[in-house]
Amino acid sequence: MATDFFERQQKARRRTALLVVYFALAVIGTVIAVYFAVMLVLLIGGAEFAMHGHGPGTTPWWWNPKVLFWTSLATTVVVAVSSLAKRAELAQGGSAVATMLGGRLVNPDTKDPDERRLLNVVEEMAIASGTPVPPVYLLPDESINAFAAGYTRSDAVIGVTQGSLCLLTRDELQGVIAHEFSHILNGDIRLNIRLICLVFGILGIATVGRAMLRARVRGRGAGSVKLLGLLLFLIGSVGVFFGRLIQSAISRQREFLADAAAVQFTRNPAGLAGALKKIGGLSCGSRIDSPHTSETCHMFFANVFARSWFATHPPLAQRIRMLEPHWDGKFVKTARPAPSGARGITPVFKPATEPAAPGPRRPGTTPPARARIQPESFLPALGNPTVDHIKHAAEWRASLPPTIEEAVRSPLGASAVIYALLLSPNEPVRNLQLEQLKKVAPQEAFAETVRLHAHVEKAARNGKLPIVDFALAGLRGLSPRQFIEFKQAIKTLIEADDEIDLFEFVLQKIVIRHLEPHFTSARRRPIQFYSIKPLLPDCAVLLSALAHLGHPDVAAARAAFELGWPHLRVNTPGFELLPHSECTLDKIDSALNRLSEAVPHIKKLLLDAAAHTVSADGMINDNEAELLRAIADALDCPVPPFIQGVQPSA
């Protein structure tokens, strides 16, 4: 398994390109089949083939360029319209997929102990991996299964069946959730939605054929219409057959990688293996009962069909032996889950030795100290969380004041927490910010910000980004109007003192970028830059801003810039440290927007250069590390927290 985040992103892009090739071949095959179906119907119907001077004696019956053109056009339009219609249906990303499957959004403030345990596991995984906490959906199925869906980390969701919630221990549930997070980190979820749309496009031919079969047609052409409808239905079905094969082939090769990533994440193969064993011993296994199961089968944790030629996952026994080579081949006999009302608060099969969900906090509990790291260790950490990061996340949650944890679970409280994060430690500046905030924020939000400020300020000493990731779940509960007010309020806080605070600006950008897909239909722009040369001015802006940060002396800032620039690995002359006056927030914003549209390799070079720029003394301190994590997040590159005793290997 590749350990480099950018290499995995490149592989995900190559898989997408391969999918496009496969799909194009499938469409070409469908066009040819439809053409021959039309020619056959015309032949049987006695149509005249002598067109444009070509008589039956000069050309074979099956060749007619005019018919080929029109059938090709019509088939392509049907496939494209069907695919685009499905894409529009799934425009909201993961939440649309979860709703389509009958999922119910788990309330972030739920009091149900099983649901609370599930949310705790998901929150810890998100904080440990440096990603926003995704919404969690519960499917009504009694089987054991789960999925991750979305276009990006910003609109990703986690879906879990009721059976998983009731039948899995915390370690097993953690293994399953880690598997799904690996799909999010590796960029698989975007490919999964594209698979749904493309296969549905081919299905459009069968839909047209079915409509023709059901149509009431009278007269001499009725038989030809019915025959063509039957042939189109068969062709569409065969096209979907091959589409499913493509779907399954692409999915199977990723499941072993996701299993391996989950084990690397949790360092507990027994947890993931235990979940797979219970699937094998459960009468309903991992089956999903939904009209949309066949469309989405490739994105689940395990096969959704009991037996199928279109198995999207390797056999259970094979996956288990990859985790436990000496497994005896016996599945864990598992009973169906009892109704939630009859279970009480104790999950089925939960052993007495299992760690319970975090209980009341101990006063003074703090997470492990964050580490000073070498710049060479920054890149290897991207997208590579470990069990130490999970422990850190759990301890960080335990150290969070109850007032903040309660606040972030509601839209109003989550807004206030973000406002409090952006308040300056300088009292005169903070007073100015509060004065401006009072004019643009609702009175309740302003009062909550004042109440929470001291708690947030204390918690932020252990890192601001985890608080942001934690608050995003509550912020998704804002109404569209409240979201507009929220954006205006944080903009007001940042601009209140007319000073550039790069970290607060990037923090604002992260929050808005992760929330906008939830409130608008806007999607991340596709890759625009495959070469770093057109982006060098943007790199110069960002690296100059980082060099000036903490270096009021121009000579020191220039030295920091010159330390980082060579890591872009370009020989283009003419780029040097920009004056502080040219590193405005507008230019930084524009630079980050353009850089986010670059291929992973360019982002890798930029982040390496940024890490060396901020570490003029050879080490990255806490504040510098969090700023780098924020910039990486703005470029859609998740970085786990840096903690004492955990040094990523270069």
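Here is a walk through one helix and three arginines in this model. The model is predicted, so local features need pLDDT of at least 70 and side-chain atom pairs count only at pLDDT 80 or more, while totals for chains, interfaces and linings use all residues. Residues are numbered from 1 along each chain as its sequence is written, and side-chain values use heavy atoms, with hydrogens and water left out.

Let's start with helix H2, residues 65-89 (helices are DSSP runs of H or I, at least four residues, numbered from the N terminus). Its 25 residues should span 36 Å at 1.5 Å a residue, and the end C-alpha atoms are 36 Å apart, so the two agree; the expected span is 1.5 Å times one less than the number of residues. At the N-terminal end, Asn64 acts as a cap, with a side-chain oxygen 3.1 Å from the backbone nitrogen of Lys66. Buried residues (under 20% relative accessible area; exposed is over 50%, partly exposed in between, with a 1.4 Å probe and protein chains only) in H2 are Val67, Thr71, Thr75, Val79, Ser82, Ser83 and Lys86. An α-helix has 3.6 residues a turn, so residues three or four places apart point the same way.

Now for the arginines. Arg476 sits in the loop between H19 (465-475) and H20 (480-495). Its contacts (heavy atoms within 4.5 Å), leaving out residues up to four places away in sequence, include Pro132, Ser154 and Phe519.

Two other loop arginines have positive phi. Arg267, between H8 (222-266) and H9 (269-281), has phi near 55 degrees and counts as exposed at 53% relative accessibility. Arg569, between H23 (554-564) and H24 (585-595), has phi near 60 degrees and is exposed at 64%.

Key
A polar contact is a pair of N or O atoms within 3.5 Å; within protein, one must be able to donate a hydrogen and the other to accept it, and residues adjacent in sequence count only if both atoms are side-chain atoms.
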